[in-house]
Amino acid sequence: MRREALLSLDFASLQNQYGNGLSAVALIDEIYRRLRQHEGDQVWTFVVPREQALLDTERIAALASTGATLPLYGLPFGVKDNIDVAGLPTSAGCGSFTYVAQRTATVVEKLRAAGAILIGKQNMDQFATGLVGIRSPHGYCRNPFDQRYIPGGSSSGSAVAVSTGQVSFSIGSDTGGSGRVPAALNNIIGLKPTPGLVSTYGFLPCNRSFDLPPVFALTTDDAYRVLDAIRGYDDRDIFSVDAPATNAVRQLDEGGFRFGLPAPRQLDFFGDRIAKAQFASAVDHLSELGGEPVEIDFEPFLEAGKLVFDSAFIAERWLTYGAIADSGSSDIHPAVQQSLQASKQYDAADAFQALYRLEELKRAAYDQLAKVDFLAVPTCGTIYRCDEVEADPLRLNTHLGYYTYFANPLRLCAISVPAGLRTDGLPFGVSLLAKPFEDARLRNYAHRLHASFGGKLGATEHPLPH
């Protein structure tokens, strides 16, 4: 078997292989071999021609020869199909909505400048409306651990591509959990930065006021390395912010730490005893790492989460997709159409009322977070089969957002970490959350938690590096 066929695409492994003589051309050839192997899996909506990717390897080689700093040299990546790349089609999961982009998103510009190689655009829940990953009328991908189960959404293709070793990392979009739910269901890292830390210029927004680009990667260090490359103020994005000085990264061996947990009555696994047991195991792991569990009041977080879809905030998506929702297009998924039409029930007074209530909930939530170093929750309380979601699309989708909806409206940072495989062989993830711009402080906690469970990288056979 060729050496390239054995490659793990985590950054450390690729860097080691490059040092041992692997060429970027050989890597690209291997990536396209893997894409052919997964052809028909509905992971990609558009793949860059191999020749164009090879030209990109020449570009970064020329940059490297000038002494340019390329922290992501030769790393293949993909982007969700609601992110514009000039000259490529953007569909947002809807054939009749598709257009050829005239602009390139800031994150893509920064990634290419850092030496990464764009492979293509990835499948998604239509219009980024959903957490299930099967709201794609033109075909959806499946969970690589069990094809009967959902991959999680809306950044489904982005997560599956990383989990199955087709790219080293991906950029998705996250409104109510789309950078964390598919990460948890695919056994990979989902890093959701503080809103405003990374530009959303060049994105098709769902909720523009708190949408953001999450990073999907195989390891915590890989995800943060990408974040370092894409973060920063962008005057083309009205919600971009000048972030305060980076928090010092706290080492766990400096002493103990306190992690918040919802009260038992506020934990909900929707009847899934296996998920409940897996989360209890994750709490034990955190305790063994030196953590002290602290019960907090989870109610402000839950109420903030409900505002995303049960208040006038839902009307934001009408600004982007309202015209096609009213067009009568048969391309629109019924559950997506229902979600879009729901925005019409709210008026301007409802919008201000939602804004005022959110500010109250921020204060209450931050008071709870002040008691701990971070909050730990299941990323998802359960996982569903595709046929279960097709039979009950709205209610089960809402269940998946129970622990994720609140993070963006509250402006929190978060990271979903693989926390072992359940006893039925399906992945399970735990999310760590902290106050705005405390992204760096989560890094070591996430790294050590992932290492404590060990296991494989995504759905590959490659072990988590020590």
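**Entry 1. Backbone**

I looked up Arg411 and found this residue in the loop between α14 (393-400) and β12 (413-421). I took helices (H or I, at least four residues) and strands (E, at least two) as DSSP runs, numbered from the N terminus. The model is predicted, so I note that local features need pLDDT of at least 70 and side-chain atom pairs pLDDT 80 or more, while totals for chains, interfaces and linings use all residues. Residues are numbered from 1 along each chain as its sequence is written, and side-chain values use heavy atoms, with hydrogens and water left out.

For Arg411 I recorded a positive phi of about 65°, although this residue is not a glycine. I then turned to Ala92, another non-glycine residue with a positive phi, here near 50°. Ala92 sits in the loop between β3 (89-90) and β4 (99-100). Is Ala92 buried or exposed? I found Ala92 buried, at 0% relative accessibility; the cut-offs are under 20% relative accessible area for buried, over 50% for exposed and partly exposed in between (1.4 Å probe, protein chains only).

I also checked a peptide bond: the one from Gly153 to Ser154 is cis, with omega near 0°. Ser154 belongs to the loop between β5 (117-122) and α5 (156-163).

**Entry 2. Aromatic pairs**

How many aromatic pairs does the count come to? I noted 23 of them. Rings of Phe, Tyr and Trp (its six-membered ring) pair if their centres lie within 6.5 Å; planes under 30 degrees apart are stacked, over 60 edge-to-face and the rest tilted.

I examined Phe257 and Tyr445, whose rings form a tilted pair at 5.0 Å centre to centre, with 50° between the planes. Phe257 is part of strand β9 (residues 257-262) and Tyr445 part of helix α15 (residues 442-453), so this pair ties together parts that are 188 residues apart in sequence. Phe257 is buried at 4% relative accessibility, and Tyr445 is likewise buried at 1%.

I then looked up Phe259 and Phe374: their ring centres are 6.1 Å apart and their planes stand at 15°, so I entered the pair as stacked. Phe259 also lies in strand β9, and Phe374 lies in strand β11 (residues 374-378), so parts 115 residues apart in sequence are tied together here. For Phe259 the relative accessibility is 0%, which counts as buried. For Phe374 the relative accessible area is 1%, again buried.

Which residues do ring pairs link into a cluster? I listed Phe270, Phe298, Phe301, Tyr402, Tyr403 and Phe406.

**Entry 3. Helix packing**

I looked up helix α9 (residues 299-309) against helix α12 (residues 348-369): their axes come within 9 Å and cross at roughly 150°. Axes are lines fitted to C-alpha atoms, for helices over the stretch in contact, and angles run from 0 to 180 degrees between N-to-C directions. Helices α9 and α12 are therefore roughly antiparallel to each other (angles under 35 degrees count as roughly parallel, over 145 as roughly antiparallel, 65 to 115 as roughly perpendicular and the rest as oblique). On the α9 side I found that the contact (heavy atoms within 4.5 Å) is made by Pro300, Phe301, Glu303, Ala304 and Leu307. On the α12 side I recorded Ala354, Arg357, Leu358, Leu361, Ala364, Ala365, Gln368 and Leu369. Phe301 of α9 was already in my notes as a member of the ring cluster.

Next I took helix α7 (residues 220-230), which packs with α15 at an angle of about 150°, the axes being 9 Å apart. That makes α7 roughly antiparallel to α15. Helix α7 contributes Thr220, Asp221, Tyr224 and Asp228 to the contact, and α15 contributes Leu442, Arg443, Ala446 and His447. I note that α15 is also the helix that holds Tyr445, the ring partner of Phe257.

**Entry 4. Two residues and their surroundings**

I looked up Ser163, which lies in helix α5. Ser163 is buried, at 0% relative accessibility. How far apart are Ser163 and Lys456 in sequence and in space? I found 293 residues in sequence and 9.9 Å from C-alpha to C-alpha. Leaving out residues up to four places away in sequence, I listed the residues that Ser163 touches: Pro144, Phe145, Asn186, Ile188, Leu457, Gly458, Ala459 and Thr460.

Lastly I checked Ala26, which lies in helix α2 (residues 24-37). Ala26 has 17% relative accessibility and counts as buried. Ala26 and Leu54 are 28 residues apart along the chain, and I recorded 9.7 Å between their C-alpha atoms.
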